[in-house]
Amino acid sequence: MHMKRTRGRSLRGDGSLVKSIGQSLPYQLTAAQREALKEIFADMGSEDRMLRLLQGDVGSGKTVVALLALARAVEAGAQGALMVPTEILARQHLAGIGKLGDGTNLRIGLLTGREKGKARDDILARLQVGEIDILIGTHAIFQEGVAFRDLGLVVIDEQHRFGVHQRLALQDKAARTADLLVMTAT
């Protein structure tokens, strides 16, 4: 409970990116998704640091809720990170989130252990100057040398697959306190 009360920052967007993505969805959000987003947006808009668990069955739509939360952070001028346990899942999220973000100016990057040399250096340089809004990746995203311009929201998928120190290492990439949303299947 002490972490929840940690001073944070208010991440309030104008709603334009969230609305654009929401309108592009091939389905309507469920009542549970809308309620989760309402609570997440309220937490993100608060001056207290968000520490929230999003729990649901596989296929229940946690990823779209996470994307809309990440979009809210981007609207507020910050960056977001989505950390997943495997490269396959990172690439699946990149494909799915990229498709949902089509038609917006959302700039999404991918960083896993596979990206090496010049490709990795390019991703890191773009991330540091703010040319990547959302970075999706594996453990590679909290390694030394990965620097965000302004990390505002950290989303961790399958949080049980990461240790406390790994989650904290990613949050430590924020110059100011980053909100944290962890997702887990029931």
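This tour of a predicted model goes from one loop residue to three helix pairs that share helix 3.

**Stop 1: T104**

Select T104, in the loop that runs between helix 4 (87-100) and strand 3 (108-111). Its relative accessibility is 17%, so T104 counts as buried, the cut-off being under 20%. Now show the side chain of T104, which reaches the backbone nitrogen of L106 at 3.2 Å. Leaving aside residues up to four places away in sequence, T104 touches L17, S20 and I21. Add S16 to the selection: S16 and T104 are 88 residues apart along the chain, and their C-alpha atoms are separated by 9.7 Å.

**Stop 2: helix 1 and helix 3**

Select helix 1 (residues 16-24) together with helix 3. Their axes come within 8 Å and cross at roughly 150°. That angle is over 145 degrees, so helix 1 is roughly antiparallel to helix 3. Helix 1 passes helix 3 in a right-handed crossing. On the helix 1 side, show S16, L17, V18, I21 and G22; on the helix 3 side, show L67, L68, A71, R72, V74 and E75. Coloured by class, this contact has seven nonpolar, two polar and two charged residues.

**Stop 3: helix 2 and helix 3**

Keep helix 3 and bring in helix 2 (residues 31-45). The two pack at an angle of about 30°, with their axes 10 Å apart. Helix 2 is therefore roughly parallel to helix 3, and their crossing is right-handed. From helix 2, select Q33, A36, L37, I40, F41 and M44. These meet V64, V65, L68, A69, R72 and A73 in helix 3. By class, the contact of helix 2 with helix 3 has 10 nonpolar residues, one polar and one charged. L68 and R72 are worth labelling: they take part in the contact with helix 1 and in the contact with helix 2.

**Stop 4: helix 3 and helix 4**

Finally, select helix 3 (residues 62-75) with helix 4. The axes come within 11 Å and cross at roughly 60°, so these helices are oblique to each other. Helix 3 passes helix 4 in a right-handed crossing. Show T63, V64 and L67 of helix 3, then H93, I97 and L100 of helix 4; these make the contact. The residues divide into four nonpolar and two polar, with no charged ones. Two helix 3 residues here have appeared before: L67 in the contact with helix 1 and V64 in the contact with helix 2. From the end of helix 4, the loop leads back to T104.

Methods. Residues numbered from 1 in each chain as written. Predicted model: local features only at pLDDT ≥ 70, side-chain atom pairs only at ≥ 80, totals over all residues. Heavy atoms only, no water. Helix = DSSP H or I, 4+ residues; strand = E, 2+ residues; numbered from the N terminus. Buried < 20%, exposed > 50% of the residue type's maximum accessible area, 1.4 Å probe, protein only. Contact = heavy atoms within 4.5 Å. Polar contact = N/O pair within 3.5 Å; in protein donor to acceptor, adjacent residues only side chain to side chain. Axes fitted to C-alpha atoms, helices over the stretch in contact; angles between N-to-C directions. Parallel < 35°, antiparallel > 145°, perpendicular 65-115°, else oblique. Left-handed = near helix turned anticlockwise from the far one by under 90°. Nonpolar A, V, L, I, M, F, W, Y, C, P; charged D, E, K, R; others polar.
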